[in-house]
Amino acid sequence: MSDDIVLDEFGYDEPTLDKLFETLKKEVISSSENYSQEAFKLHWLGRKQGRLKVLSEAWLKSAPPEARKPLGIRFNQLKQQIEAALEAPATTTRAAQAGASIDITLPGTTRAPGIPHPLLKTMQEIVAVFHHLGYSTNLGPQVESDFYNFEALNFPPNHPARDTQDTLVIASQQSRPSRDRLLMRTHTSPVQIRTMIDQPPPVRIVIPGKVHRNDAADATHSPIFHQVEGLCVDTNITFSDLKGTLDHAMKALFGSAVKTRFFPSFFPFTEPSADVQISCIFCNGKGCRKCKHSGWIELLGCGMVDPAVFAAIDEQRAAQGKSPAYNPEKITGFAFGMGVERIAMIQHGISDIGHFYSGDMRFLEQFA
Ligand code: DAH
């Protein structure tokens with residue numbers, strides 16, 4: 001901005017003043033758009049070096065006596081324009097307030113609307129499959145106690161999963177009873193416990209969320225990842241309900257041609273437990289590099305809720321003054337848990353889990 005507007009060269013006639021103050025008004029507008037509010041205020045209204053003060057003093061001093069009054073009026077108007085620009089909240093509004101015209105025929109500033117992250121998208125797809133079967137969603141905390149993450153899920157005290165090798169624990173809790181010690185949840189299963197303590201059967205819920213493990217990152221592992229857990233508890237729930245439900249879910253996610261098979265497995269909180277495999281979607285089960293030439297891809301864990309879990313629930317319900325509701329003679333259920341990253345990687349043929357977290361637009365834009 002120039003400080004070189006000198007009146008003597010022009011005289012004090014109205015047309016000259018009109019022109020000069022029009023120039024100053026434009027300067028107010030453009031500086032209100034380009035300066036921060038503080039910088040703008042200092043520039044124009046600064047008590048010692050402010051442009052308003054410097055100009056008005058210089059010009060009034062050199063003006064002939066009869067020109068001082070109209071000149072003073074003009075400076076007052078200019079001050080009002082500066083103050084109006086200062087009071088308006090946004091820079092563009094400040095400019096408008098000071099008298100700039102806004103051309104509404106110009107195209108607006110376009111903003112890319114963004115898309116759901118591919119992991120979120122897959123998580124929502126999984127959840128939606130179960131919503132259609134009448135399940136609702138429950139969430140739980142990521143900082144969890146040993147009781148919910150392990151003890152109530154029937155993990156024995158020295159189970160390897162409790163080792164700090166596998167679990168990220170919150171520091172300085174040695175003085176607490178072991179069940180109250182806090183850790184980052186290693187799976188979404190603790191929300192099964194929270195839900196059943198909260199409500200009697202029937203229960204049909206899915207639990208999407210972040211989980212944490214003390215794992216080094218590599219192409220298929222990340223210390224933070226996502227799971228979707230499921231729990232269905234009622235009278236007369238059987239292993240065939242479990243098989244039918246998961247077979248349906250896998251077909252809904254990967255296409256109706258997909259086959260499922262169930263392998264005996266072990267989880268402390270289910271009995272019997274199973275691993276679910278789907279026929280390889282890359283080679284239709286013929287055998288390829290992706291399925292290590294077996295024709296099958298392992299996808300999730302599941303099983304019938306262990307009676308020891310129901311016992312822990314009713315014990316806790318009693319401690320909270322709630323009536324027992326999970327008598328394993330009458331109530332049965334199944335549970336399952338799957339990794340969202342793994343499913344998204346298979347869906348999209350992604351070979352490195354790190355892509356999900358890199359924030360690289362070249363990767364993310366492929367899902368737009
Ligand atoms: N919580 C298990 C894990 O993190 C996954 C799992 C397996 C969940 C079997 C279940 C289940 O609900 O029944 O690896």
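A residue is taken to surround the ligand when one of its heavy atoms lies within 4 Å of that molecule. In this predicted model, 15 residues meet the description, and the closest are His 187, Ser 189, Arg 213, Gln 227 and Glu 229. By character, the shell divides into five nonpolar, eight polar and two charged residues. Three strands each supply at least two residues of the shell: E5 (224-235), E8 (296-305) and E9 (331-339).

Several side chains approach oxygen atoms of the ligand. A polar side-chain atom of Glu 229 lies 2.6 Å from a ligand oxygen. For Arg 213, an N or O atom of the side chain is 2.8 Å from an oxygen atom of the ligand, and for Gln 227 the separation between a polar side-chain atom and a ligand oxygen is 3.0 Å. Taken alone, the ligand exposes 350 Å², of which the protein buries 89%.

The strands that contribute to the ligand shell also take part in the packing of the protein interior. The largest nonpolar core comprises 45 residues, and those with the most contacts inside it are Phe 130, Leu 246, Met 250, Phe 254, Leu 299 and Met 338. Two or more residues of this core come from each of H6, E5, helix H9 (239-254), strand E7 (270-279), E8, E9, helix H11 (340-348) and helix H13 (361-364). Leaving out residues up to four places away in sequence, Phe 254 touches Ile 278, Ile 281, Leu 299, Ile 343, Ile 346 and Gln 347. A second, separate core of 26 residues includes Phe 147, Val 191, Leu 231 and Val 233.

Helix H11 deserves separate attention. Its residues Val 340, Glu 341, Ile 343, Ala 344, Met 345 and Ile 346 are buried. The elements covering the buried residues of H11 include H6, E5, H9, E8, E9 and helix H12 (355-358). After H11 comes Gly 349, whose phi is positive, near 65°.

Helix H6 spans residues 118-131 and contains Pro 118. Is Pro 118 buried or exposed? Pro 118 counts as buried because its relative accessible area is 1%, and the cut-off for burial is under 20%. Apart from its neighbours within four places in sequence, Pro 118 is in contact with Phe 356, Phe 363, Leu 364 and Phe 367. Asn 149 stands 31 residues from Pro 118 along the chain, and the C-alpha atoms of the two are separated by 27 Å.

Terms used: Residues are numbered from 1 along each chain as its sequence is written. This is a predicted model: local features need pLDDT of at least 70, side-chain atom pairs count only at pLDDT 80 or more; totals for chains, interfaces and linings use all residues. Side-chain values use heavy atoms; hydrogens and water are left out. A polar contact is a pair of N or O atoms within 3.5 Å; within protein, one must be able to donate a hydrogen and the other to accept it, and residues adjacent in sequence count only if both atoms are side-chain atoms. Accessible areas come from the Shrake-Rupley method with a 1.4 Å probe; for residues, only the protein chains shown count as cover. Helices (H or I, at least four residues) and strands (E, at least two) are DSSP runs, numbered from the N terminus. Ala, Val, Leu, Ile, Met, Phe, Trp, Tyr, Cys and Pro count as nonpolar, Asp, Glu, Lys and Arg as charged, and the others, Gly among them, as polar. Buried means under 20% relative accessible area, exposed over 50%, partly exposed in between (1.4 Å probe, protein chains only). Contact means heavy atoms within 4.5 Å. A nonpolar core is a set of buried Ala, Val, Leu, Ile, Met, Phe, Trp, Tyr and Cys residues joined through side-chain atoms within 4.5 Å.
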